[in-house]
Amino acid sequence: MVQGPDEGTVLPARPLDAIDQDILKILQADGRASIRSVSERVHVSRANAYARINRLVEDGVIRGFSARVDHERAGHSTSAYITLKIVQNTWRTVREQLRQLPGASHIALVGGDFDVLLLVHTPDNRALRELVLTRLQAIPEVLSTRTLLVFEEEDLEPET
């Protein structure tokens, strides 16, 4: 959904065709791909590729361009998924506090045995322990946590 001209209205997203999907795959694999390269690979003019990418950005399909980081090589050798049970109806408050945590890289409200799934990357186990025991458990709306240490991880990259 995209914000409409009136701030309160939300417009439905435009459907994506096969060319849009191909453009997304290319940019997910290489966010630095040139317009020329994208246009050649999807067999459209550069102007068409440029317009499509701009529309995907304006519609909020593409939220930004970033680098994929090897967290271990970047000094964050400990990763963990942390599940949280929270007080009912406090998701927005908790989410804002979780966004402030050092090393938090993904936050999801989920259904099931717990309410929130949080992915964190920390320099070591000591920093992870500090994050869980001091920062997370100090949030009043957090009822309980469970930490799942990641032994090995791999980002799945789209095929191009």
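Student: Which residue follows H3, and what is the sign of its phi?
Tutor: The model is a predicted one. In it, H3 is followed by a glycine whose phi is near 80°, a positive value. The residue is Gly60, and the sign of its phi is positive.

Student: What span should helix H3 have, and how far apart are its end C-alpha atoms?
Tutor: Helix H3 covers residues 46-58, which is 13 residues. At 1.5 Å a residue, the expected span is 18 Å. The end C-alpha atoms agree with this, being 18 Å apart.

Student: Where on H3 do its buried residues fall, seen down the axis?
Tutor: The buried residues of H3 are Ala49, Arg52, Ile53, Arg55 and Leu56. Seen down the helix axis, they fall within an arc of 160°, so they line one face of H3. The face turned away from that buried side carries the exposed residues Arg46, Ala47 and Glu58. The buried residues of H3 therefore lie along one face, within an arc of 160°.

Student: Which helices are included in what covers the buried residues of H3?
Tutor: One helix in that cover spans 18-29 and another spans 35-42. The names of these helices are H1 and H2.

Student: What is the arc of the buried residues of H1?
Tutor: H1 has 12 residues, for which a span of 16 Å is expected at 1.5 Å a residue; its end C-alpha atoms are 17 Å apart, which agrees. Its buried residues are Asp20, Ile23, Leu24, Ile26 and Leu27. They line one face of H1, because seen down the axis they fall within an arc of 165°.

Student: Against which helices do the buried residues of H1 pack?
Tutor: Ile23 and Leu27 are among the buried residues of H1. The packing partners of the buried residues are H2 and H3.

Student: How are H1 and H2 oriented: parallel, antiparallel, perpendicular or oblique?
Tutor: The axes of H1 and H2 come within 10 Å and cross at roughly 135°. This crossing makes H1 to H2 oblique.

Student: What is the handedness of the crossing of H1 and H2, and which residues of H2 make the contact?
Tutor: H1 passes H2 in a right-handed crossing. From H1, the contact is made by Ile19, Asp22, Ile23, Ile26 and Leu27. From H2, it is made by Val38, Arg41 and Val42.

Student: Is Thr83 buried or exposed?
Tutor: Thr83 lies in strand S3, residues 78-86. Leaving aside neighbours within four places in sequence, Thr83 is in contact with Phe114, Val116, Leu117, Ser144, Thr145, Arg146 and Leu148. The relative accessibility of Thr83 is 7%, so this residue counts as buried.

Methods
Residues are numbered from 1 along each chain as its sequence is written. This is a predicted model: local features need pLDDT of at least 70, side-chain atom pairs count only at pLDDT 80 or more; totals for chains, interfaces and linings use all residues. Side-chain values use heavy atoms; hydrogens and water are left out. Helices (H or I, at least four residues) and strands (E, at least two) are DSSP runs, numbered from the N terminus. The expected span of a helix is 1.5 Å times one less than its number of residues. Buried means under 20% relative accessible area, exposed over 50%, partly exposed in between (1.4 Å probe, protein chains only). The arc is that of the directions from the helix axis to the C-beta atoms. Contact means heavy atoms within 4.5 Å. Axes are lines fitted to C-alpha atoms, for helices over the stretch in contact, and angles run from 0 to 180 degrees between N-to-C directions. Angles under 35 degrees count as roughly parallel, over 145 as roughly antiparallel, 65 to 115 as roughly perpendicular and the rest as oblique. A crossing is left-handed if the near helix is turned anticlockwise from the far one by less than a right angle, and right-handed if clockwise.
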